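Take a look at the sequence and the model below. Keep both in view while you read.

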Amino acid sequence: MQNEIISCAVCKKTGELVSTITVKSLSIKPIKVDNAKFFLCLNPECDVAYYSDSAELVLKDEIKVPIWFKTNAHPEYICYCSKVEKQEILDAINNMNLKTVGDVVKNTNAMKISDCIHNSPTGKCCSRQIKELIELIKK
Ligand SMILES: [Zn+2]
């Protein structure tokens, strides 16, 4: 099997490869993972959370946490492991004039617990999203 990215079965947009460990951990319903490759649908308007190359679908309402970038996500977690919300991080950056991901980690609870593969919809560390918020505020 090659690392080919397939598009979402519903919205046809390109998603991001995620670990089956993440899908298994976050899905409310039992899913057949076997040898399937799973992808996260990155389209905010699409109700699909995960889709696979074996036609398995997991909707955003069928996973344990809201996906922050999906429309009407509530609460909007950035750090899923330590349950830190977007607004809390934005406030910290603004109020304490934080410049780096390291600053945010020092001054909030973000990334205090790190078990991203089981907790975050991407299965990856939230530092990428924290960086985006810092960039957003700089503008
Ligand atoms: Zn989609």
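The report goes from the domains to a helix pair, and then to single residues.

## Ground rules

This is a predicted model, in which local features need pLDDT of at least 70, side-chain atom pairs count only at pLDDT 80 or more, and totals for chains, interfaces and linings use all residues. Residues are numbered from 1 along each chain as its sequence is written.

## Two domains

The protein is divided into domain 1, residues 16-62, and domain 2, residues 77-138. These bounds come from an automatic or database domain assignment. The C-alpha centres of the two domains lie 24 Å apart.

The domains touch. Nine residues of domain 1 are in contact with five residues of domain 2. Here, two residues are in contact if their C-beta atoms, placed from the backbone, lie within 7 Å.

Which elements give two or more residues to the side of domain 1 that touches domain 2? They are strand 1 (16-18) and helix 1 (20-26). Helices (H or I, at least four residues) and strands (E, at least two) are DSSP runs, numbered from the N terminus. Helix 1 gives the largest share of this side, with four residues. By class, the side has five nonpolar, three polar and one charged residues. Ala, Val, Leu, Ile, Met, Phe, Trp, Tyr, Cys and Pro count as nonpolar; Asp, Glu, Lys and Arg count as charged; the others, Gly among them, count as polar.

## A helix pair

Now turn to helix 2 (residues 86-96) and helix 5 (residues 127-138). They pack at an angle of about 50°, and their axes are 10 Å apart. Axes are lines fitted to C-alpha atoms, for helices over the stretch in contact, and angles run from 0 to 180 degrees between N-to-C directions. Helix 2 and helix 5 are therefore oblique to each other. Angles under 35 degrees count as roughly parallel, over 145 as roughly antiparallel, 65 to 115 as roughly perpendicular, and the rest as oblique.

Helix 2 passes helix 5 in a right-handed crossing. A crossing is right-handed if the near helix is turned clockwise from the far one by less than a right angle, and left-handed if anticlockwise.

Which residues meet between helix 2 and helix 5? Helix 2 brings Ile89, Leu90, Ile93 and Asn94. Helix 5 brings Ile130, Leu133, Ile134 and Ile137. This contact has seven nonpolar, one polar and no charged residues.

## Backbone details

The peptide bond from His74 to Pro75 is cis, with omega near -10°. Pro75 sits in the loop between strand 4 (57-59) and strand 5 (77-79).

Lys12 has phi near 70°, a positive value in a residue other than glycine. Lys12 belongs to the segment before strand 1. Phi of Ala55 is near 65°, again positive in a residue other than glycine. Ala55 is in the loop between strand 3 (48-52) and strand 4.

## Buried or exposed

A residue is buried if 20 or more other C-beta atoms lie within 10 Å of its own, exposed if 12 or fewer, and partly exposed in between; C-beta atoms are placed from the backbone.

| Residue | Other C-beta atoms within 10 Å | Class |
|---|---|---|
| Lys12 | 9 C-beta atoms | exposed |
| Ala55 | 8 C-beta atoms | exposed |
| Asp47 | 15 C-beta atoms | partly exposed |
| Tyr80 | 24 C-beta atoms | buried |
| Glu135 | 9 C-beta atoms | exposed |
| Gly15 | 22 C-beta atoms | buried |

Start with Gly15, in the segment before strand 1. Leaving aside neighbours within four places in sequence, Gly15 is in contact with Ile5, Ser7, Cys8, Phe39, Leu40, Cys41, Leu42 and Tyr51. The C-alpha atoms of Gly15 and Tyr77 are separated by 20 Å, and these residues are 62 apart along the chain.

Tyr80 is in the loop between strand 5 and strand 6 (84-85). Outside four places in sequence, Tyr80 is in contact with Val65, Asn119, Ser120 and Cys126.

Asp47 is in the loop between strand 2 (38-40) and strand 3. With neighbours within four places in sequence set aside, Asp47 is in contact with Leu59 and Lys60.

Glu135 lies in helix 5. Where is Lys99 relative to Glu135? The two are 36 residues apart in sequence and 9.0 Å apart in space, C-alpha to C-alpha.
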